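Good morning, everyone, and thank you for making time for this short talk. Please take a moment to look at the sequence and the model before I begin.

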Amino acid sequence: MSGTREENLKMAEFADASARYDDMVTYMGRVVHMTKSGSGMSPDERDSLIVAFKNSVSTRRKAIAVIDKMTEALPPELLPEIKAYRAKIVGELNQICEEIVSLLEGYLLPIATGEEEKVIYLKTQGDFYRYMAPYAAPGGRGPNEAAQAYDQAMTLAQVSLPADNANRLGAALNQSVCLHEVLGDTKQAIAIARSLLNSLETASFASEESRQNAEQFKLLVQDNLNLWVKPGAMDDTTIEDIVEPPCAFPRTEAILQPIRVNRTCA
């Protein structure tokens, strides 16, 4: 029995508190299916949905990273079994990502009414496609879809949200991460990151909270630039100025509105 919308929200709250994120995914998926056009999801409900799926995916991403590191020292005879185990975890990750992408594309984006709400959903769509990208077969789902979702999020954010809006900043930050890691366009990632820093330097903040949020984003962006650019490189960065190539494991990225960042995985 799936229960009412309110019952599933309460069960998701308990699952969250218990760090049972796979269960939380189930409950929040039911909530989405029970969400009616015209009402949509409240900010807290959106927050819970994304927390559930991101933490559920995070356990798989971390597991894959650990397996890849441990595999380096394994004897060859153990590799086939380890590869099969890794493939199982990748399959779980892809299934979770496909589920939330389906919820976003099939339910939440069509009924979204506010521009900021649409930006949040498009950015989230980009995030989960990006999580699939390192494991995608050539031509498979992930890289192109992530780039498209971030482009749509930023196009909408730039005309509808102020420069210091946390969701606009998060979309720009994660777009730069996608360009570096997934598309291999580190030069463009650096350009977006520097543009983001410049916009924050000249932004007029609506409140002290907004200013503090912007300062946090500036630190995140600068962390990425420190990884991507050699010290002393000028604004017209060349290939020789780039420190490291794209990698599968994520750099600093924006997760959600700052309300629950401390409880949400990368």
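When I say that two residues touch, or are in contact, I mean that they have heavy atoms within 4.5 Å. Please also keep in mind that what you see here is a predicted model.

With that meaning of contact, let us start at Phe53, which touches Val25, Ile96, Glu99, Ile100, Leu103 and Phe128, if we leave out residues up to four places away in sequence. Phe53 also belongs to the largest nonpolar core, a set of 36 residues, where Phe53 is listed with Met24, Met28, Met41, Leu49 and Phe128 as having the most contacts inside that core. Helices 1, 2, 3, 4, 5 and 6 each supply at least two residues of this core, and helix 4 gives the most, with 10 residues. Apart from this core lies another, of 26 residues, among them Ala157, Leu161, Ala172 and Ile192.

Now let us turn to helix 7, which packs with helix 9 at an angle of about 10 degrees, the two axes being 10 Å apart. Because angles under 35 degrees count as roughly parallel, helix 7 is roughly parallel to helix 9. On the helix 7 side, the residues making the contact include Leu169, Leu173 and His180, while those on helix 9 include Phe217, Leu220 and Trp228. By class, this contact has nine nonpolar, four polar and no charged residues.

Is His180 buried or exposed? His180 counts as buried, because its relative accessibility is 0%, and its side chain is joined to that of Thr186 by a polar contact of 2.8 Å.

Definitions and conventions
Residues are numbered from 1 along each chain as its sequence is written. This is a predicted model: local features need pLDDT of at least 70, side-chain atom pairs count only at pLDDT 80 or more; totals for chains, interfaces and linings use all residues. Side-chain values use heavy atoms; hydrogens and water are left out. Buried means under 20% relative accessible area, exposed over 50%, partly exposed in between (1.4 Å probe, protein chains only). A polar contact is a pair of N or O atoms within 3.5 Å; within protein, one must be able to donate a hydrogen and the other to accept it, and residues adjacent in sequence count only if both atoms are side-chain atoms. Axes are lines fitted to C-alpha atoms, for helices over the stretch in contact, and angles run from 0 to 180 degrees between N-to-C directions. Helices (H or I, at least four residues) and strands (E, at least two) are DSSP runs, numbered from the N terminus. Angles under 35 degrees count as roughly parallel, over 145 as roughly antiparallel, 65 to 115 as roughly perpendicular and the rest as oblique. Ala, Val, Leu, Ile, Met, Phe, Trp, Tyr, Cys and Pro count as nonpolar, Asp, Glu, Lys and Arg as charged, and the others, Gly among them, as polar. A nonpolar core is a set of buried Ala, Val, Leu, Ile, Met, Phe, Trp, Tyr and Cys residues joined through side-chain atoms within 4.5 Å.
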